[in-house]
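Reader: I have a chain open in the viewer and want to go through it with you. Can we start with one residue and work outwards?

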Amino acid sequence: MSSVASRGIHFLQRLNAANGELVRALGGAVACPSLLGVPLGHNSSFLQGPAFAPPRIREAIWCGSTNSTTEEGKQLQDPRVLTDVGDVPIQEIRDCGVDDDRLMNVISDSVKLVMEEGPLRPLVLGGDHSISFPVVRAVSEKLGGPVDILHLDAHPDNYDAFEGNKYSHASSFARIMEGGYARRLLQAIFVTLHMILAFVLKTV
């Protein structure tokens, strides 16, 4: 791992530990979702917008037009309910010449670091769909075996190597399945209206 990647991981580890200590100091929690951003977009075969998503998602969560009280009466500002360990500096690491194999390892290592700091559980904000592979791999390895997955998407993302890229956003579940990280995989594929119209127009 490059020195830049190592520094990114160490920064995340320190931030993560601080959040864990805060949760424990406030009385602890059985499991506390913790936001982890992975602003990766270059494996998208179309637009690169997903790389900008994590801060936009956070902005929507804390938007003043909504309130932060859940249906159970819990407050999202309470760090026992929701914490935030920031973003993996994945683009900065890539800019230093780190290849995709190592980038996927950085993402997996980051997810594992969050899981190691109980009671935090990563709630990962992408990023394009290529990050599904390293995230699922990390969870599977950390839990000691394959996991059950419910995948909601418009596509199954199981191309072996879409446009020659084995880490394409369209290939994440091919990597998950070949790695043996899924015990059971249920894919609910949603066909949108524009996809139906495109199909109809091609057949008339």
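**One residue, then the fold**

Author: Asp 101 counts as partly exposed, at 37% relative accessibility. On this scale buried means under 20% relative accessible area, exposed over 50%, and partly exposed in between, with a 1.4 Å probe and protein chains only.

Reader: What kind of model is this, and how are residues numbered?

Author: This is a predicted model: local features need pLDDT of at least 70, side-chain atom pairs count only at pLDDT 80 or more, and totals for chains, interfaces and linings use all residues. Residues are numbered from 1 along each chain as its sequence is written, and side-chain values use heavy atoms, with hydrogens and water left out.

Reader: Back to Asp 101. Where is Asp 101 found?

Author: In helix α4. Helices (H or I, at least four residues) and strands (E, at least two) are DSSP runs, numbered from the N terminus.

Reader: Which residues does Asp 101 touch, not counting those up to four places away in sequence?

Author: Lys 166 and Tyr 167. Contact here means heavy atoms within 4.5 Å. With Tyr 167 there is also a side-chain polar contact of 2.6 Å. A polar contact is a pair of N or O atoms within 3.5 Å; within protein, one must be able to donate a hydrogen and the other to accept it, and residues adjacent in sequence count only if both atoms are side-chain atoms.

Reader: How far apart in space are Asp 101 and Pro 134?

Author: 10.0 Å, C-alpha to C-alpha, with their positions 33 residues apart in sequence.

Reader: What does helix α4 lie across?

Author: α4 (residues 100-116) lies across β1, β2 and β3, and runs at about 145° to β3. Axes are lines fitted to C-alpha atoms, for helices over the stretch in contact, and angles run from 0 to 180 degrees between N-to-C directions.

Reader: What is the order of those strands in the sheet?

Author: β2-β1-β3, in an open sheet of three strands with parallel pairing. Two strands pair if DSSP finds at least two bridges between them. β2 (83-87) and β3 (120-126) each have a single partner strand, so one side of each has no neighbour in the sheet. On average, neighbouring strands of this sheet are turned by 25° against each other, direction ignored.

Reader: How many bridges join β1 to β2?

Author: Three, and the two strands run parallel, with β1 covering residues 32-38. Ser 34 stands opposite Thr 83 in β2.

Reader: Other strands. Which way do the side chains point along β4?

Author: They alternate along β4 (residues 147-153). Val 147, Ile 149, His 151 and Asp 153 point to one face and are buried, whereas Asp 148, Leu 150 and Leu 152 point to the other and are not. β4 pairs with β5 (residues 182-189) in the parallel sense over seven bridges, and Ile 149 stands opposite Leu 185 in β5. From β4 the chain crosses through helix α6 (residues 172-178) to β5, in a right-handed β-α-β crossover. Right-handed means that, with the strands pointing away from the viewer, the path from the first strand over the helix to the second runs clockwise.

Reader: Electrostatics next. How many salt bridges does the structure hold?

Author: Eleven. A salt bridge is a side-chain nitrogen of Lys or Arg within 4 Å of a carboxyl oxygen of Asp or Glu. One of them joins Asp 84 and Arg 58, at 2.6 Å, N to O. Asp 84 lies in β2 and Arg 58 in helix α2 (residues 53-61), so this pair ties together parts that are 26 residues apart in sequence.

Reader: Is Arg 58 buried or exposed?

Author: Buried, with a relative accessible area of 14%. Arg 58 also forms a salt bridge with Asp 87, the closest N and O atoms being 2.8 Å apart. Arg 58, Asp 84 and Asp 87 are thus linked in a network of salt bridges. Asp 84 is partly exposed at 27%, and Asp 87 is partly exposed at 29%.

Reader: Which residue forms a salt bridge with Lys 142?

Author: Glu 116, with the closest N and O atoms 3.0 Å apart. Lys 142 lies in helix α5 (residues 132-143) and Glu 116 in α4, so the pair ties together parts that are 26 residues apart in sequence.

Reader: And the whole chain: how many helices and strands are there?

Author: Seven helices and five strands. Of the 204 residues, 39% count as buried.
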